[in-house]
Amino acid sequence: MRQRVTVKESRPDGTAVIFLRRQSACSGECEHCGGCTPNEVVTAEAANPLGAKKGDCVEVESKSGIVLAVVAVVYLVPLVLFFAGYFAGLYLPGKPVLWGLLGFALGVGAALLYNRHMIRTAKMTYRIVSILEN
């Protein structure tokens with residue numbers, strides 16, 4: 001996945017700190033944008049083989065495997081547990097829909113825990129692939 005970002009700091013070790021906007025919140029065309037709210041912008045570290053300087057608008061590339069794994073868990077686990085609870089509820093006392101909702105709630109809880117774990121432990125790796133004209 002490629003994204004346009006701004007370099008916040010260039011480090012001597014060949015890395016850079018970048019301002020990263022959530023992809024869903026950014027069209028990538030800064031000249032047509034009204035600006036982002038502070039909570040839509042995060043900082044991240046990127047490999048800087050091109051020697052981009054502070055303030056440069058650059059294009060970074062990231063591997064999307066981590067993001068896809070988190071999305072799969074967050075969306076699929078609650079859905080699968082809903083249907084598992086519903087069909088198990090056909091053979092358990094009570095209404096199947098209530099068992100399905102219980103499964104869905106457990107799935108949402110598990111997805112939230114997994115999401116927090118991935119935020120703490122998984123590192124998105126970014127690499128600057130081109131320096132764009134400002």
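**Figure 1. A salt bridge joins Glu45 and Arg11.** In this view, the side chains of Glu45 and Arg11 pair up in a salt bridge, with an N to O distance of 2.8 Å. Glu45 belongs to strand β3 and Arg11 to the loop between β1 and β2, so this pair ties together parts of the chain that are 34 residues apart in sequence. Glu45 is partly exposed, since its relative accessibility is 44%. Arg11 is partly exposed too, with a relative accessible area of 30%. As you look around, please keep in mind that the model is predicted.

**Figure 2. The whole protein, for orientation.** Before the next close-ups, here is the overall layout. The protein has two helices and five strands, and along the sequence they follow the pattern β-β-β-β-α-α-β. Of the 134 residues in the protein, 24% are buried. The accessible surface comes to about 9000 Å², and carbon and sulfur atoms account for 63% of that area. How much of the contact set between residues at least 6 apart in sequence joins residues at least 24 apart? The share is 70%.

**Figure 3. Arg2 forms salt bridges with Glu59 and Glu61.** Let us zoom in on the start of strand β1. Here the side chain of Arg2 meets that of Glu59 in a salt bridge, at 3.4 Å from N to O. Arg2 is in strand β1 (residues 2-10) and Glu59 is in strand β4 (residues 57-62), so the pair ties together parts that lie 57 residues apart in sequence. The side chain of Arg2 also meets the side chain of Glu61 in a salt bridge, with an N to O distance of 3.3 Å. This second pair again links distant parts of the chain, with Glu61 in strand β4 and Arg2 in strand β1, 59 residues apart. Arg2 counts as partly exposed because its relative accessibility is 45%; Glu61, at 27%, is also partly exposed. Which residues make up the wider network of salt bridges? Arg2, Glu59, Glu61 and Arg127 are linked in it. The protein has five salt bridges in total.

**Figure 4. Met1 sits beside Glu61 in space.** Right next door in sequence to Arg2, Met1 lies in the segment before β1. The C-alpha atoms of Met1 and Glu61 are separated by 5.6 Å, although the two residues are 60 apart along the chain. Met1 is partly exposed, with a relative accessible area of 41%.

**Figure 5. Thr15 is buried at the start of strand β2.** Is Thr15 buried or exposed? Thr15 is buried, because its relative accessible area of 13% falls under the 20% cut-off. Thr15 is part of strand β2, which covers residues 15-21. The side chain of Thr15 makes a polar contact with the side chain of Asp13, at 2.6 Å. Beyond its neighbours within four places in sequence, Thr15 touches Ser10, Glu45, Ala46, Ala47 and Asn48. Readers will recognise Glu45 from the salt bridge with Arg11.

**Figure 6. The largest nonpolar core draws on five strands.** This core has 12 residues: Val5, Val7, Ala16, Ile18, Leu20, Ala44, Ala46, Ala52, Val58, Val60, Tyr126 and Ile128. Strands β1, β2, β3, β4 and β5 (126-132) each supply at least two of these residues. Which strand gives the most to this core? It is β2, with three residues. For a closer look, take Ile128: leaving aside its neighbours within four places in sequence, Ile128 is in contact with Val7, Ala16, Ala46, Ala47, Asn48, Pro49, Leu50, Ala52, Val58, Glu59 and Val60. Glu59 in that list is also the salt-bridge partner of Arg2.

**Figure 7. Confidence varies along the predicted chain.** The protein has a mean pLDDT of 80, and 78% of its residues reach 70 or more. Among its elements, helix α2 (residues 96-121) has the highest mean pLDDT, at 88, while strand β3 (residues 41-47) has the lowest, at 78. Over residues 35-39 the pLDDT is below 50, and this stretch has two contacts in the model beyond near neighbours in sequence. Where pLDDT is low, it is best not to read the predicted coordinates in detail.

Definitions and conventions
Residues numbered from 1 in each chain as written. Heavy atoms only, no water. Helix = DSSP H or I, 4+ residues; strand = E, 2+ residues; numbered from the N terminus. Buried < 20%, exposed > 50% of the residue type's maximum accessible area, 1.4 Å probe, protein only. Polar contact = N/O pair within 3.5 Å; in protein donor to acceptor, adjacent residues only side chain to side chain. Contact = heavy atoms within 4.5 Å. pLDDT = per-residue confidence, 0-100. Salt bridge = Lys/Arg side-chain N within 4 Å of Asp/Glu carboxyl O. Areas by Shrake-Rupley, 256 points an atom, 1.4 Å probe, with all protein chains shown as cover. Core = buried A, V, L, I, M, F, W, Y, C linked by side-chain atoms within 4.5 Å.
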